Amino acid sequence: MNFADSEIVNSILLEKGMEAAHEADKADVVLINTCSIRENAENRVWNRLKELRSIKKENRDLTVGVLGCMAERIKDRIIEEEHLVDIVVGPDAYRDIPRLLEEVEDGRKAVNVLLSLEETYADIAPVRTTGNGITAFVSIMRGCDNMCSFCVVPFTRGRERSRPMESILREVKQLSDEGYKEVTLLGQNVNSYLDGENTFAKLMHKVSQVDPEMRFRFSSPHPKDFPVELLHTIAEQPNLCNYIHIPAQAGSDAMLERMRRPYTRESYLKLIERMREIIPGVSLSTDIIAGFCDETEEEHQQTMSLMKEVEFDLAYMFAYSERERTLAYRKYEDNVPEDVKKRRLSEIITQQMNIQDQRNQKEIGNRHLVLVEGTSKRSDEQFNGRTDTNKMVVFDRQDYTIGDYVEVEVTSATSATLLAKPIKKSSIQEYYSSKAEAVA
Ligand code: SAH
Ligand code: SF4
């Protein structure tokens, strides 16, 4: 989401006649877009600010700004402790950055952390300067009203609001005209997207019609209100990826209740069953938190057993990190000792890696349609890209180019990557119609 936000800021600054400098020591202004979701994310920003100090020593005219969630959460501390920071801008105030930069010219600190009920930056066309020109993020809503007890997002990003469907479709069309091949629609709970009568399922159907050779993903839906209609739409439309990220967070009802996640283990498992029933071969990923307040060993085991039962294709796993202002901060104690949190997290990760390894081994011999995204980190002679099911694939580049859809056959696998041999260049329509014929 921050990646997408930075592209909006890019657009605002370029519009004002500024240019991108590719090194911090060559810039007049350095803006750091920040995340507050866990302590670790914030620590990285403090470290980056430390690095900037030496650059500022050499260039006293350098303006340094902190944008995003940390700006919202701890503006006073940033300004008091970091003399180097000149401007602080919350996630709903990016349009104000040019004015704030002028204010700094007069030697003052400039701050705008006002949250908005309406801002969606719908009319701003993001400028994508750092991507691969093939895959892009499109923000469809901002903020969150869910108030999960562990989460700071509703406090830093404000109330939930949806971007008008027309402006999303326009942006997707523009990306398609520019040669982009894959779009991920973003929101904190995409299920609650609503623009007049237009629901998220309707939006997904509409985007799938913009360009049949562009494929679509989304992140994140919430298990409490996942629309079944959307599962049918995904099953029917070849360019809606057979991949769903569906954050579980924990595996016991008591823990889900403390987390203020209004679903049960049973209803979560039922939802997974429906997903697999309606979209055969769908690939699933999740988010898990280890060591949340009062977590017992048994509750931890229930998280482990949920993950074992579902066998996710991918998981993002975190140790609980207490955030000020949240309900958990006010009501519960962050009382699972650090070493126990670490041990539980590492058990969760080890189990998940084994599951991924086993699932990926079963892919050997299977064919997939891969969108080529770039050159492999291991070798210039190889490309990487992802399957429709979001698995990373590496294969010999031969005569293919970035942005091609290539049919490949998996030859070997690790827990993170599939190695494959390319068969032929293809397209979404060609690949899926020949697959349908084969089934018939
Ligand atoms: N809106 C998304 C989540 C966005 S935050 C959703 O509800 O699915 C991404 C992930 O960060 C969350 O799913 C959660 O697993 C993790 N997370 C959020 N707050 C956290 C905290 N305080 N400590 C550890 N992990 C946290
Ligand atoms: Fe945070 Fe919950 Fe909102 Fe996700 S749904 S952003 S976890 S409050």
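User: Let's start with the loops. Where does S220 lie in this structure?

Analyst: S220 sits in the loop that joins β11 (215–219) and α9 (228–236). One thing to keep in mind as we go: this is a predicted model.

User: Which geometry does the peptide bond from S219 to S220 have, cis or trans?

Analyst: Read the omega angle for that. Here omega is near -10°, and the peptide bond from S219 to S220 is cis.

User: Next, backbone phi. Which value does R260 take?

Analyst: Phi of R260 is positive, about 60°, although the residue isn't a glycine. You'll find R260 in the loop between α10 (253–258) and α11 (265–278). With a relative accessible area of 34%, R260 is partly exposed.

User: And what is phi of R325?

Analyst: R325 is another non-glycine residue with a positive phi, near 80°. Look for R325 in the loop between β14 (314–319) and α13 (327–331). Its relative accessibility is 43%, so R325 counts as partly exposed.

User: What about glycine? Which phi does G17 take?

Analyst: G17 comes just after α1 and has a positive phi of about 90°.

User: Since you bring up α1, how do I read a helix like that?

Analyst: Start with the general idea: an α-helix has 3.6 residues a turn, so residues three or four places apart point the same way. Then check the span. Helix α1 covers residues 2–15, which is 14 residues, and runs 20 Å from its first C-alpha to its last, close to the 20 Å expected at 1.5 Å a residue.

User: How many of the residues of α1 are buried?

Analyst: Ten of the 14 are, so α1 is largely enclosed by the rest of the structure. The buried residues of α1 are N2, A4, D5, E7, I8, V9, N10, S11, I12 and L13.

User: Let's move to the aromatics. What describes a pair of aromatic rings?

Analyst: Two numbers: the distance of the centres and the angle of the planes. A search of the whole structure turns up nine aromatic pairs. Take Y263 and Y268: their ring centres are 6.0 Å apart, with 35° between the planes, and the pair is tilted. Y263 is buried, at 8% relative accessibility, and Y268 is buried too, at 2%.

User: Which arrangement do F395 and Y400 form?

Analyst: That pair is edge-to-face, with 6.3 Å centre to centre and 75° between the planes. Angles over 60 degrees count as edge-to-face, which means that the 75° here qualifies. F395 has a relative accessible area of 0% and is buried, while Y400 is buried at 13%.

User: Which residues form one aromatic cluster?

Analyst: F150, F292, Y320 and Y332 are grouped in one. There's also a charge over a ring to look at: R38 lies over the face of F318, 3.6 Å from the ring centre.

User: R38 makes me think of ligand 1. Which residues are the closest to ligand 1?

Analyst: The closest are R38, Q188, Q249, D287 and S321, out of 15 residues that surround ligand 1. For polar contacts, look at which atoms face each other. In R38, a side-chain N or O atom is 2.9 Å from an oxygen atom of ligand 1. The backbone takes part as well: a polar backbone atom of F150 is 3.0 Å from a nitrogen atom of ligand 1, and a backbone N or O atom of S321 is 2.8 Å from a ligand 1 nitrogen.

User: Which residues are around ligand 2?

Analyst: Its shell is made of C144, N146, M147, C148, F150, C151, V153, P154, Q188, H222 and R261. By class, that's seven nonpolar residues, three polar and one charged.

User: Is K341 buried or exposed?

Analyst: K341 is buried, at a relative accessible area of just 1%. Its place is in helix α14 (residues 338–361). To see what a buried lysine is doing, follow its side chain: K341 reaches the backbone oxygen of Y320 at 3.0 Å. Y320 is one of the residues in the aromatic cluster we met above.

User: One more, on sequence versus space. How far apart are the C-alpha atoms of I278 and P212?

Analyst: The two residues are 66 apart along the chain, and 21 Å separates their C-alpha atoms. I278 lies in helix α11 and counts as buried, at 12% relative accessibility.

Methods. Residues numbered from 1 in each chain as written. Chains lettered and ligands numbered in written order. Predicted model: local features only at pLDDT ≥ 70, side-chain atom pairs only at ≥ 80, totals over all residues. Heavy atoms only, no water. Near = heavy atom within 4 Å. Nonpolar A, V, L, I, M, F, W, Y, C, P; charged D, E, K, R; others polar. Phe/Tyr/Trp six-rings, centres within 6.5 Å; stacked < 30°, edge-to-face > 60°. Buried < 20%, exposed > 50% of the residue type's maximum accessible area, 1.4 Å probe, protein only. Lys NZ or Arg CZ within 6 Å of the ring centre and 35° of its normal. Helix = DSSP H or I, 4+ residues; strand = E, 2+ residues; numbered from the N terminus. Expected span 1.5 Å × (residues − 1). Polar contact = N/O pair within 3.5 Å; in protein donor to acceptor, adjacent residues only side chain to side chain.
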